[in-house]
Amino acid sequence: MTTTVTAREQAPPGRGRRPDGGKPTARRRLRLPARLRRIGLPYLLLLPALLLELLIHLAPMVIGIVMSFKELTHLFIGNWGAAPWNALENYRVAVDLDAPIGAALLRSFLVTCAFSVLTVGLCWLLGTAAAICMQENFRGRGLLRAVFLTPYALPVYAAVITWAFMFQRDNGLVNHVLHDQLGLTDGWPFWLLGDNSFVALTVVAVWKTWPFAFLIVMAALQNIPKDLYEAAALDGAGIRQQIRRITLPALRPVNQVLVLVLFLWTFNDFNTPYVLFGKAAPKAADLISVHIYQSSFVTWNFGTGSAMSVLLLLFLLLVTAGYLLVTSRGRKHADG
């Protein structure tokens with residue numbers, strides 16, 4: 001019996017017959033869309049977030065920049081697009097330190113800088129100290145962690161309103177404890193007026209912000225191997241040396257981001273002074289966020305208020321860029 005073998009069956013797969021079944025064109029047509037789908041899928045998933053970012057942040061930012069170049073007052077509230085252009089006049093008024101508006105803006109800026117530095121420093125110090133103490137196992141540690149995180153979990157308005165009642169002069173808890181119970185003050189001071197308003201604002205800001213630093217540092221401490229502490233203890237290193245030589249260097253990358261975030265949050269804080277003092281904050285606690293609000297919505301000079309907002313944005317961008325540049329150089333120097 002003779003078996004007939006065709007040329008296609010006799011040829012090896014690499015020569016006469018295609019290993020893909022003789023349909024390379026269809027396969028190649030399917031590869032390009034699949035590759036495009038793989039490359040474009042991440043961008044497609046990010047598209048909703050980008051659109052929301054454009055709608056919520058970028059579009060109002062662009063509108064605010066345009067408003068800063070207009071003479072937008074209460075006369076053009078109904079149709080702000082019809083307000084006349086005045087070039088850089090709003091910026092000139094804002095930075096003119098000899099004029100009342102510029103001098104008040106500078107004073108508010110300095111108050112905000114002092115408030116931000118003090119608040120960020122205390123929040124970082126309290127958060128780091130509490131996180132280090134919470135690393136040891138002891139009874140009630142979970143409950144104590146939950147208590148520490150309570151100020152961060154409370155709504156801002158509820159927490160600040162509670163502090164506003166506590167700072168009342170006649171029937172507030174703060175004066176009752178300091179004067180009646182401890183006898184630390186001669187009388188019942190005003191905490192929401194005068195120079196004491198800065199102290200009250202700082203206390204409230206630190207109280208509601210430090211749990212965030214505690215949470216971040218506590219999470220970062222979980223990544224430090226305990227073998228390092230055990231080896232250091234065997235070598236005779238005390239707790240202070242362990243914190244200085246092991247804990248703080250290991251927390252440096254986290255602290256760099258944490259300090260920047262705390263600074264931006266604190267410098268732009270509007271809810272705390274607004275709820276604590278109302279629309280007219282005392283001069284000692286006149287943060288720049290409330291000052292810009294008063295310049296825009298109280299005096300109805302939205303052009304000048306927009307110019308102040310743009311200047312604040314530029315300042316924060318410069319500070320952020322300089323901070324990132326310095327920290328990145330310090331990190332490279334430490335790694336090298």
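Student: Which residues does T73 touch, leaving out those up to four places away in sequence?
Tutor: T73 touches W300 and N301. This is a predicted model, and a contact here means heavy atoms within 4.5 Å.

Student: Where does T73 sit?
Tutor: T73 is in the loop between α2 (24–67) and α3 (89–95).

Student: How far apart are T73 and S296, in sequence and in space?
Tutor: They are 223 residues apart in sequence. From C-alpha to C-alpha, the distance is 8.9 Å.

Student: What about W300, where is its place?
Tutor: W300 is in the loop between α13 (288–298) and α14 (302–335). Its phi is near 60°, a positive value in a residue other than glycine.

Student: Why is W300 called partly exposed?
Tutor: Its relative accessibility is 43%. Partly exposed runs between the buried limit of 20% and the exposed limit of 50%. W300 falls in that range, so it counts as partly exposed.

Student: What makes W300 and F302 an edge-to-face pair?
Tutor: Start with the general point: a pair of aromatic rings is described by the distance of the centres and the angle of the planes. For W300 and F302, the centres are 6.1 Å apart and the planes meet at 75°. Pairing needs centres within 6.5 Å, and edge-to-face needs over 60 degrees. Both tests are passed, so the pair is edge-to-face.

Student: Is F302 buried or exposed?
Tutor: F302 has 12% relative accessibility, which is under 20%, so it counts as buried. F302 and W300 also belong to one aromatic cluster, together with F270, Y274, Y293 and F297.

Student: How many aromatic pairs does the structure hold?
Tutor: There are 19 aromatic pairs. One of them is Y152 with F212, with ring centres 5.7 Å apart and planes at 35°.

Student: Why is the pair of Y152 and F212 called tilted?
Tutor: Stacked needs under 30 degrees, and edge-to-face needs over 60. At 35° the planes meet neither limit, so the pair is tilted. The pair links distant parts of the chain: Y152 is in helix α6 (residues 150–153), F212 is in helix α9, and 60 residues separate them.

Student: How do you know which of the labels, buried or partly exposed, fits Y152, and which fits F212?
Tutor: Y152 is at 38%, between the 20% and 50% limits, so it is partly exposed. F212 is at 14%, under 20%, so it is buried.

Student: What makes T202 count as buried?
Tutor: T202 has a relative accessible area of 6%. That is under 20%, so the label is buried. T202 is found in helix α9 (residues 196–221), and it touches F115, L118 and T119, not counting residues up to four places away in sequence.

Student: What does the side chain of T202 reach?
Tutor: It reaches the backbone oxygen of F198 at 2.8 Å. The limit for a polar contact is 3.5 Å, so the distance passes.

Student: How do you know that the span of α9 agrees with its residue count?
Tutor: At 1.5 Å a residue, the 26 residues of α9 should span 38 Å. The end C-alpha atoms are 37 Å apart, which agrees.

Student: Where does α9 bend?
Tutor: The bend is at T209, by about 35°. A proline, P211, follows within four residues.

Student: Why is α9 called largely enclosed by the rest of the structure?
Tutor: Count the buried residues: 19 of 26 in α9. Hence the description as largely enclosed. For the protein, buried residues make up 32% of 336 residues.

Student: What is unusual to look for in the phi of A87?
Tutor: Phi of A87 is positive, about 55°, although A87 is not a glycine. A87 lies in the loop between α2 and α3. At 47% relative accessible area, between 20% and 50%, A87 is partly exposed.

Student: How many helices and strands does the protein have?
Tutor: It has 14 helices and 0 strands.

Student: Where does pLDDT stay under 50?
Tutor: Residues 14–19 are one such stretch, with 6 contacts beyond four places in sequence. Residues 26–30 are another, with 0 such contacts. The mean pLDDT of the protein is 84, and 87% of its residues reach 70 or more.

Definitions and conventions: Residues numbered from 1 in each chain as written. Predicted model: local features only at pLDDT ≥ 70, side-chain atom pairs only at ≥ 80, totals over all residues. Heavy atoms only, no water. pLDDT = per-residue confidence, 0-100. Helix = DSSP H or I, 4+ residues; strand = E, 2+ residues; numbered from the N terminus. Buried < 20%, exposed > 50% of the residue type's maximum accessible area, 1.4 Å probe, protein only. Polar contact = N/O pair within 3.5 Å; in protein donor to acceptor, adjacent residues only side chain to side chain. Phe/Tyr/Trp six-rings, centres within 6.5 Å; stacked < 30°, edge-to-face > 60°. Expected span 1.5 Å × (residues − 1). Bend = angle between axes of the 7 residues up to and from the residue.
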